[in-house]
Amino acid sequence: SPIYSHFSETVSGLSVIRAYGHQGRFLKHNEITIDGNLKSVYPWIVSNRWLAIRLEFLGNLVVFFSALFAVISRDSLDSGLVGLSISYALNVTQTLNWLVRMTSELETNIVAVERVSEYSELENEAKWVTDTRPPEDWPTKGKLRFENYKVRYRPGLDLVLHGITCDIGSTEKIGIVGRTGAG
């Protein structure tokens, strides 16, 4: 996400970047962003290869021992049973690989459920219904008025908006500009 965000912002502001001669700074920032991404992507790829090698080895052991037992007991086993056991042993590698990958994907995706659980247990900032209620026909004019509006990201942090007062008319279009990535 930071890579795509930086790239799209750079492309949209390309004329301004060139006008002020800051191409080098944006290229350097792009390299830093890509390096930061690769710091997490590369270990993920390496760990996947590590896991694949071990799972393939385990599956090959199952196939080897299945074939070995078939050869050892060739006089007492039916050929159809030997073929069935070896073909099932060959499928063990694929099934084991699928099972481990689905388990790890489930564990990765369960993070979303953990977040929902955590947010559902957070203490509310204020009551859902307060004593100060707007009139039943509100809003009648479509205007907004902020008086001494203050905001902080969470309790204990400094204010990010310090007492803003403004009037927004009913037909006015406004834009709120925040820092990059603010949402």
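## Contacts and covers

Two residues are in contact when they have heavy atoms within 4.5 Å of each other. With that in hand, on to the helix packing in this predicted model. Helix 1 (2-12) and helix 4 are among the elements that cover the buried residues of helix 3. Turn to helix 4, and the cover of its buried residues includes helix 3 (23-72).

## The overall picture

Walking along the chain from the N terminus, you meet the elements in the order α-α-α-α-β-β. That makes four helices and two strands. The C-alpha atoms fill a box of roughly 95 × 55 × 35 Å along the principal axes. The radius of gyration is 31 Å, whereas a compact globule of 183 residues would come in near 16 Å.

Burial is at 9% of the 183 residues. As for contacts with a separation of 6 or more, 43% of them join residues 24 or more positions apart. The domain assignment splits the chain into domain 1 (2-121) and domain 2 (138-173), and the C-alpha centres of these two domains sit 46 Å apart.

## What the UniProt record says

The unreviewed UniProt entry places "domain: ABC transmembrane type-1" at residues 1-108. In the model, that stretch is 91% helix and 0% strand, and the C-alpha atoms at its ends are 18 Å apart.

The same record also carries a "transmembrane region" annotation, from an unreviewed entry, for residues 51-72. Here the chain is 100% helix with 0% strand, and 31 Å separates the end C-alpha atoms.

## Helix 3

How does the span of helix 3 compare with what its 50 residues should give? At 1.5 Å a residue, those 50 residues should span 74 Å, and the end C-alpha atoms are 71 Å apart, so the two agree. Helix 3 does have a bend in it, of about 30° at Leu 38.

Its buried residues are Thr 33, Asn 48, Ala 52, Leu 55, Gly 59, Val 63, Ser 66 and Ala 70. It's worth reading that list with helix geometry in mind. An α-helix has 3.6 residues a turn, so residues three or four places apart point the same way.

## Helix 4

Helix 4 (residues 79-120) is built from 42 residues and reaches 60 Å from first C-alpha to last. That is close to the 62 Å expected at 1.5 Å a residue. Helix 4 also has a bend, about 25° at Val 92. Which residues of helix 4 are buried? They are Val 82, Ala 89, Thr 93 and Asn 97.

Thr 95 is in helix 4 too. Is Thr 95 buried or partly exposed? Its relative accessible area is 47%, which falls between the 20% and 50% cut-offs, so Thr 95 counts as partly exposed. Thr 95 and Gly 59 are 36 residues apart along the chain, with 9.2 Å between their C-alpha atoms. Gly 59, for its part, is one of the buried residues of helix 3.

## Helix 1 up close

Two residues of helix 1 are worth a look, His 6 and Thr 10. Why does His 6 count as buried? Because its relative accessibility is 9%, and buried means under 20%. Setting aside residues up to four places away in sequence, His 6 touches Phe 26, His 29 and Asn 30.

Thr 10 passes the same cut-off: at 15% relative accessibility, under 20%, it counts as buried. Leaving out neighbours within four places in sequence, Thr 10 is in contact with Ile 17 and Phe 26. Phe 26 thus turns up in the contacts of His 6 and in those of Thr 10.

## The loop after helix 4

Asp 137 lies in the loop that runs between helix 4 and strand 1 (144-151). Is Asp 137 buried or exposed? With 53% relative accessibility, over the 50% cut-off, Asp 137 counts as exposed.

How far is Asp 137 from Val 113? The C-alpha atoms of Asp 137 and Val 113 are separated by 39 Å, with their positions 24 residues apart along the chain.

Terms used. Residues numbered from 1 in each chain as written. Predicted model: local features only at pLDDT ≥ 70, side-chain atom pairs only at ≥ 80, totals over all residues. Heavy atoms only, no water. UniProt positions renumbered as here; feature names shortened; annotations may be inferred. Expected span 1.5 Å × (residues − 1). Bend = angle between axes of the 7 residues up to and from the residue. Buried < 20%, exposed > 50% of the residue type's maximum accessible area, 1.4 Å probe, protein only. Domains from an automatic or database assignment. Rg over C-alpha atoms; globule rule 2.2 N^0.38 Å.
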